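Here's a quick tour for anyone meeting this structure for the first time. Take a look at it below, then read on for a few spots to find in the view.

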Amino acid sequence: DPFADDPARHPDLIMRTQKPCNAETPGQALSAQFITPNELFYVRNHMWVPKVSSEEAEAHVLTVELPDGTTKKYTLRDLKTKFAKRKVTAVLQCSGNRRSHMSKGSGRPTNGLQWEAGAISNASWEGVLLADILADAGFDAATVRDGTSEAQHVQFSGMEAYGASIPIRKAVDPQGDVLLAYGMNGQPLPRDHGYPLRSIVPGHVAARSVKWLNHITLSDEESPSQWQRKDYKCFGPNQTKVDWESAPAIQELPVQSAITGVKLGDWKASEESASSDSPEKEVALDGYAYSGGGRSVIRVDVSLDDGKTWSQANLLRDEAPKLDSKAWSWKRWKFNGAVPLEAFKTPEDAAASHDSDEDRNTIRRGTARRSANEGGQNSKGDRRCTTVAIKATDEAYNTQPESHAATWNFRGNLATAWHRVQVCTDC
Ligand code: MTE
Ligand code: MO
């Protein structure tokens, strides 16, 4: 059993698969802190966790190979002692984050781990700049700027055979902040997160942040691995038999947000009209918003009526250190509002309006809704629900699509449609 040596995991992680370990961060932890604690940081492993003892770690060798085939070797000790230490606070998000929402929201199954909103976390990473190591190994970054570089990609390989690559431009970008990290939130990297060394590629899909890193190859080609070439790409909603080479590998991520906490408060008199006898239910929401490429989130919009009307959430003060070149961390947000009694529908009714993006106006659903109402199930005393929705906008004014149907792809990558959550109460 190659998984016999895998580390123990925190019981609060939501385990999707044990072998290999794929586990998401619980909503509570996503809501609670700007920095995700190491033991609650989501885990996405394709294979087992390579075993490196603490005695072996300092002598762990990273080989850097230039386009002409020459190599230079660095031990972890070299990296720690001979190069400037850098700290970067950055989100990692799996391209499959919220995949289950895409499957359910579109009514079309997708292939892959059915993550909810917890395949994303934020940490402060310590290590050395990849750019510093490439320069030391003899790579001239000026050739990237003047267009004469033979190397177009930086390929990363992990000890258990996983591999991926990033464009060389990102690696040498003075504002790229790509790290070879040996520390996470002030601790050595935990085994699940790449001990003793991993790449951290801020703003890019986490699949490029290769764990248990032992080899870097500068090449005119992308990593030959299946994860670079035959996975982590998106196609159109109609495309199910695809030519993998026809689509670029996902690198920078699109804008994303999710609701990770919902609290219902008391009923109170409506503020709109003092004479109204219709009470309102207090609703408190919180969650995260994030965009790739270092684009900061500028606004988070909240709807308490499934997208008909919108308000703005409060963005919490940025806790990322100023020395980060760009917005590599998420923004957390909070919203306090109230939902009028009339907006709470029977579960059947609410389901008809949000369960399936495509189905919402069909006769079949319409009939279901009418018969539910005729049955008198929305009388006082019943459980009733409303659908709240969230979407974020980044500094390039990119925003999230309304429906998962519009961006459905058979692998369920980049599920970024509005996050809708049904909120229920006993009226
Ligand atoms: N690196 C190695 N060596 N092996 C892996 O399975 N998974 C990738 C990436 N790097 C992976 C890897 C994927 S798909 C993701 S989402 C992130 O690691 C997850 O990082 P985490 O487990 O530290 O959250
Ligand atoms: Mo991933």
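Let's start with a small sheet: three strands line up in the order β1-β2-β3 with antiparallel pairing, and the sheet they make is open. The edges belong to β1 (14-17) and β3 (43-44); each has a single partner strand, so one side of each has no neighbour in the sheet. Keep in mind that this is a predicted model.

**More on that sheet**
- Two bridges hold up the antiparallel pairing of β3 with strand β2, which covers residues 22-24.
- If you want a spot to look at, find N22, which sits opposite R44 of β3.

**The chain as a whole**
- The protein chain has 11 helices and 21 strands.
- It runs to 427 residues, and 45% of them are buried.
- Take the contacts between residues at least 6 apart in sequence: 70% of these link residues at least 24 apart.

**A hairpin to find**
- β8 and β9 make a hairpin with four residues in between, and A161 in the turn shows a positive phi of about 100°.
- Strand β8 (residues 153-158) runs antiparallel to β9, and five bridges join the two.
- One pair to pick out is Q155 with its bridge partner S165 in β9.
- Strand β9 (residues 163-167) is largely enclosed by the rest of the structure, because four of its five residues are buried.

**Around ligand 1**
- There are 19 residues around ligand 1, and H46, C94, G158, Y162 and A206 come nearest.
- Sorted by class, that shell holds 10 nonpolar, five polar and four charged residues.

Technical notes. Residues are numbered from 1 along each chain as its sequence is written. Chains are lettered from A and ligands numbered from 1 in the order in which they are written. This is a predicted model: local features need pLDDT of at least 70, side-chain atom pairs count only at pLDDT 80 or more; totals for chains, interfaces and linings use all residues. Two strands pair if DSSP finds at least two bridges between them. A residue is buried if 20 or more other C-beta atoms lie within 10 Å of its own, exposed if 12 or fewer, and partly exposed in between; C-beta atoms are placed from the backbone. Two residues are in contact if their C-beta atoms, placed from the backbone, lie within 7 Å. A residue is near a molecule or strand if its C-beta atom, placed from the backbone, lies within 6 Å of it. Ala, Val, Leu, Ile, Met, Phe, Trp, Tyr, Cys and Pro count as nonpolar, Asp, Glu, Lys and Arg as charged, and the others, Gly among them, as polar.
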